Structure formats: C-alpha cells, structure tokens
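This report is meant for a reader meeting the structure for the first time. Please look at the sequence and the fold before reading on.

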Amino acid sequence: MTPRVPAMDELMLRETVRQRLRTGGLPAAASARTWSRAGNGSPCALCTRSITSDETEFELEFGGARPPFAVFYHLHPRCYAAWELER
C-alpha cells in the first residue's frame, strides 16, 4: 500500500490553481464534458497525488474529435472545486 501524501491546505491549493492557470498548466475555460467516478490511479492535474479507487475522480474533457484532439484532466473533488472557484 502506498503511503498517503497529506492534502494541501485550502490557501495553498487555490494559489496552485492560480499559478497553473497563469502558466497554462490548467485551462481557464469550462470543460466541454465532465464525469465523476471512482479513481483509477491517475495523477491529479492540480495536486499531483494519485486518485485512488477509494476516492472520487472528476474527469474533464477539453477539445474534441478534430484537431486539436480532446485533452483530459483528472482532479480530486477538492481540487476540482478549487479550480472552479479560481478559473
């Protein structure tokens, strides 16, 4: 079993969102589609921690079938909420 990395505090999480928005690491636009489901081990696009199967994952789709092709971001619920507030 992998040891858990402590979650970021709220202020640090929101500052990380702002930095990623400034540098293009996260999109500022709303996603074309959003799903939620059990995590599959993907790294969170914000905090970089794995989203395990006992956690909920938000999957965000940007783009589409034509170039530029779809790009997906995976986020924990807390990270998703921080992104929504800051974008």
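In which sense, left-handed or right-handed, does H1 pass H2 in their crossing?

## The two helices

The structure is a predicted model, and in this model H1 passes H2 in a right-handed crossing. The two helices pack with their axes 9 Å apart and at an angle of about 60°, a value that lies outside the ranges for roughly parallel, antiparallel or perpendicular, and H1 and H2 are therefore oblique to each other.

On the side of H1, the residues in contact are Glu 10, Leu 13, Arg 14, Val 17, Arg 18 and Leu 21, and these meet Arg 78, Cys 79, Ala 82, Trp 83, Leu 85 and Glu 86 in H2. Sorted by class, this contact has seven nonpolar and five charged residues, with no polar ones.

## Glu 10

Glu 10 belongs to helix H1, which covers residues 10–23. Although Glu 10 and Arg 78 are 68 residues apart in sequence, their C-alpha atoms are 8.8 Å apart in space. With a relative accessible area of 37%, Glu 10 is partly exposed.

## The sheet

Three strands form an open sheet in the order S1-S2-S3, and their pairing is antiparallel. Strand S1 (33–38) and strand S3 (71–75) are the edge strands, each pairing on one side only, and neighbouring strands are turned against each other by 25° on average, direction ignored.

Strand S2, residues 56–62, pairs with S3 over five bridges in the antiparallel sense, and Glu 59 stands opposite His 74 in S3. Helix H2, made of residues 77–86, lies across S1, S2 and S3 and runs at about 40° to S2.

How values were computed
Residues numbered from 1 in each chain as written. Predicted model: local features only at pLDDT ≥ 70, side-chain atom pairs only at ≥ 80, totals over all residues. Heavy atoms only, no water. Pairing = 2+ DSSP bridges. Helix = DSSP H or I, 4+ residues; strand = E, 2+ residues; numbered from the N terminus. Axes fitted to C-alpha atoms, helices over the stretch in contact; angles between N-to-C directions. Contact = heavy atoms within 4.5 Å. Buried < 20%, exposed > 50% of the residue type's maximum accessible area, 1.4 Å probe, protein only. Parallel < 35°, antiparallel > 145°, perpendicular 65-115°, else oblique. Left-handed = near helix turned anticlockwise from the far one by under 90°. Nonpolar A, V, L, I, M, F, W, Y, C, P; charged D, E, K, R; others polar.
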